[in-house]
Amino acid sequence: MKLLVSVSRKQGKYPIIAQVVKETGVLVNVERAMIDSHEGELLIDVPDDSCELVRQKIAGLGASVRILDRGIRIDTRECVDCGACISICPQEVFSFGDDWGILVEEEKCVICGKCVIACPHSALFLSGEIPERPF
Amino acid sequence: MKKSIDLINERIRDGNAHVVTAEEMPLIVTELGEEEALKEVDVVTTGTFGAMCSSGAFLNFGHAEPPIRMERVWLNDVEVFAGLAAVDAYVGATQQSTTQQSVYGGAHILEDLIGGKSIELRAISHGTDCYPRRTITTQLVLDDMNQAIMVNPRNAYQRYNAATNTTDRTLHTYMGMLLPHGGNIAYSGSGVLNPISNDPKFRLIGSGVPIFLGGAIGTVVGEGTQHSPAGAFGTLMTCGDMKQMSNTFVRAATMHGYGVTLYLGVGVPLPIIDIESVRSTAVTDRDISVDILDYGVPSSNRPSIRKVTYEELKSGMITINGEDVRTSPLSSLKRARIVADTLKDWVKAGKMQLTLPAVRINPDKAGKPMRETAHVPRVIDIMDRRFIPIDEESPIKVAAETLLKDETNHLPVVNKKGQLVGIVTTYDVSKAVARPGNKTCVRDIMTKKVITTNPDEAVDVAIQKLERHNISALAVVDRENKVVAMLTAIALGKLFEQRWSR
Ligand code: SF4
Ligand code: SF4
C-alpha cells in the first residue's frame, strides 16, 4: 500500500522514515521524494499488513500522512488506445496488449502525474472520481 | 495478367470479393506468389487513426428570419471562418475557444456535433438591405444543419518522422511529451496499414476514390496540402458527410503545451488490378522507414538522430548510441486496425463500389519551405556589442563600479582566454556587499550556469530562452564560447516597437 507523507521544512531535517523503520521494523520503500525549501513530500510503499502501524507512527512524529488506495485511473470512454502514455511513464505502468489495446498496471504507479498531462484525450486521472460525462 | 475494376465490382456486388487488410496481404503474397495473389485477392483495405490537425468542416445553417449575412460566427465560443456568403462557415479543427483556450476547440465542435450534442451559434453582421439582421444566437444540433461536410486539407500522411529530445528539459510538442536527454521516442502513423504507403505511386488513390472517413463513406478530393511524395511524405485531401460519422473515429484531443487537434480515422480500399498493385500492397513495417528527429532543435530543419523502421518503432524499444530507448505511438494502432477491418466488412457486404482515380495525383511532387521576403531578425541584429566583460578574479568592488559606470545590470564573467565562465548581476553584487561572508572576488558570487545565445540564432528563439528561465539578459557567445555581445530584454523591446510599424 502506498502512503503520501507530507513534512514541513523543520521536520524534513529530522529522519522520519529512518525513525519509523527503526521503531517498527517494517521495510519502507521510498518511491518518490520531492523536497523544496518549504515542504517535502514522500511517496512510500509499505506491506499492506503493516500499513496502519506505519501510518500511526508517522502521524505520531508530526507529519501528515494519507493512504493512497489507488494509483492512476483511466477513463476507458475517453481513451483511444493511442499509447502516448507508454514511453513517458517512469514506472512502465502502461503497455500494449496483443491487440494494441492499452494495459494499465495501476499498482506500479508512483503518482508522478506525468501521464495526466501527456494524455491527448484527458483520459487519465490521479485523484477523485472519473468525472461524469454525458455521452 | 490484369484484373478490371469492373470485374472486382461485380464480385463485390455478388458478395464473392476476396478482401483482406494491408496487414494480412504481405503473408498472402509470400505464400502464394505475386501471380496467384493477384488472382486470389480483389481488395486490400488500409487504415490509420491519429492526430490530423489539418481537418475541418463546412456547415450550412440555413437562413434565419429576418435573414442575416453572418460576418463573424462563433460556435461554443470558437470562432469559425465565415467569409463564405451568408450562412456558411468552416470550422477548423485547431481553432481554439476564446474563453477556454486549449481545453475546447474546433475539433471538440466536430466531436460534439457528431455525438448529437447541441452547440451555441453566435453571429454578428453589419446589416444590409437584403440581410437586415445584425445579431443572432441559437442552439443547433447536427440535424438542424442543411450540410455538415468534413473537408480536410491534409490527411493520412504517408509516414511521419519520429521525435526525440536531446535537451535537458521536457518538451511539450505536437508529437506529445518528449522527455529530456533522449528519454523517449514518439512516433505517429500506422506503418503497414497506411493508405499511401500501400500505393506510393498513386496509381489507385486519387480524386473521386471512395474511402472510410470518420466512420462514413467519403471520397478523396485530390492531393493534400504539403503533399510531398518525392520524399515519401504524400498527403490526401478528403471529404465526407459528418452526419454519417461516429465518435469512435472522430475524437478531439489536446496536446499539452501545443493545443487542440483532431484524432480521425481514415482508410482507403485498394482494388488489386495488376502485379504492381500486389507488390505495393505487400509492403511491411520493415520496408517503411523514417528519421528520428531531435525536437530539441527549434528549427524546421531538425537534425536526424538515426533512421528507424516502423517495425522497430512498433517493437516498443530501440537503441540509440548503445542505449535502449522506449518508443510509443501517438496514433492508435488498435483503431487503425478497426478502420481497415470495418472497410473490409463494408466491401465484403457490398456496401461500397470501388473506382480508379478520376484524376491522378502527382506522385513526384516535392514540398518547399516558405519564401520569406522580410528579413527574419537574428540576435546579431540587435545584440549589444558594447558590453564590459569582467575577469573572474576581479574583486567584487570592481564589479560594483563597472555596473554603476555602465548603467547595466549584467556583467559576463570571463577567464583569461576570454571564454564565458559566469555572469554577475547587480543583485549578486548587492547581496555580496550586504552579506560579505568570505567572498572576495567575482568568481565567488557569479552564477555559473549561464544561459547563452549565438549571433545567428533567431530572435524568437532567444526570447523563449529569456521567458523560460525568467531572466532579462543572455550572453551572446561564438563557437569558442567567447563572449561577443549581450542581448537584453530592453533591446528586444525596441525591436518589437519597430517590428509591426514597418
Ligand atoms: S495516452 Fe490517454 S488516450 Fe492514449 S492510450 Fe494512454 S490513456 Fe489512452
Ligand atoms: S502518474 Fe506517473 S507513475 Fe503513475 S502512471 Fe502516470 S506517469 Fe506512470
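This dialogue explains how to read several features of a predicted model.

Student: What should be known about the model before reading it?

Tutor: The model is predicted, so local features need pLDDT of at least 70 and side-chain atom pairs count only at pLDDT 80 or more, while totals for chains, interfaces and linings use all residues. Residues are numbered from 1 along each chain as its sequence is written, chains are lettered from A and ligands numbered from 1 in the order in which they are written, and side-chain values use heavy atoms, with hydrogens and water left out.

Student: How is the packing of two helices described?

Tutor: Two packed helices are described by the angle between their axes and the distance between the axes. Helices (H or I, at least four residues) and strands (E, at least two) are DSSP runs, numbered from the N terminus. Axes are lines fitted to C-alpha atoms, for helices over the stretch in contact, and angles run from 0 to 180 degrees between N-to-C directions. In chain A, helix α2 (residues 16-24) and helix α3 (residues 51-60) pack at an angle of about 130 degrees, with their axes 10 Å apart. That angle makes α2(A) oblique to α3(A); angles under 35 degrees count as roughly parallel, over 145 as roughly antiparallel, 65 to 115 as roughly perpendicular and the rest as oblique.

Student: Which residues of α2(A) and α3(A) make the contact?

Tutor: Contact means heavy atoms within 4.5 Å. From α2(A) come A:Ile16, A:Val20, A:Glu23 and A:Thr24, and from α3(A) come A:Leu53, A:Val54, A:Lys57 and A:Ile58. By class, these residues are five nonpolar, one polar and two charged. Here Ala, Val, Leu, Ile, Met, Phe, Trp, Tyr, Cys and Pro count as nonpolar, Asp, Glu, Lys and Arg as charged, and the others, Gly among them, as polar.

Student: At what angle do α9(B) and α10(B) cross?

Tutor: The axes of α9(B) and helix α10 (residues 426-434) of chain B come within 10 Å and cross at roughly 135 degrees. This makes α9(B) oblique to α10(B). On the α9(B) side, B:Ile396, B:Ala399, B:Ala400 and B:Leu403 meet B:Thr426, B:Val429 and B:Ala432 of α10(B). The contact has six nonpolar residues, one polar and no charged.

Student: How is a sheet read, and which strands of the sheet β27-β28-β29 in chain B stand at the edges?

Tutor: In a regular strand the side chains alternate between the two faces of the sheet. Two strands pair if DSSP finds at least two bridges between them. In chain B, three strands form an open sheet with mixed pairing, in the order β27-β28-β29. The edges are β27 (390-391) and β29 (420-425) of chain B, each with a single partner strand, so one side of each lacks a neighbour in the sheet. β27(B) pairs with strand β28 (residues 410-414) of chain B in the parallel sense over two bridges, and B:Asp391 stands opposite B:Val414 in β28(B). Helix α9 (residues 396-406) of chain B lies across β27, β28 and β29 of chain B, at about 135 degrees to β28(B).

Student: How many bridges join β1 to β3 in chain A?

Tutor: Strand β1 (residues 2-8) and strand β3 (residues 39-45) of chain A run antiparallel and are joined by seven bridges. Strand β2 (residues 29-35) of chain A also runs antiparallel to β3(A), with six bridges. In β3(A), A:Leu42 is the bridge partner of A:Val5 and the bridge partner of A:Ala33.

Student: Which residues come closest to ligand 1?

Tutor: A residue is near a molecule or strand if one of its heavy atoms lies within 4 Å of it. Ligand 1 is surrounded by 13 residues, and the closest are A:Cys79, A:Cys82, A:Gly83, A:Cys85 and A:Cys119. This shell has 10 nonpolar, two polar and one charged residues. For ligand 2, the nearest of 13 residues are A:Cys89, A:Cys109, A:Cys112, A:Gly113 and A:Cys115.

Student: Where in the backbone are a cis peptide bond and a positive phi found?

Tutor: Most residues other than glycine have a negative phi, and most peptide bonds are trans. The peptide bond from B:Glu65 to B:Pro66 is cis, with omega near -10 degrees; B:Pro66 lies in the loop between β4 (56-60) and β5 (72-75) of chain B. B:Ala156, a residue other than glycine, has a positive phi near 55 degrees, and B:Ala156 is in the loop between β12 (147-155) and β13 (162-164) of chain B.
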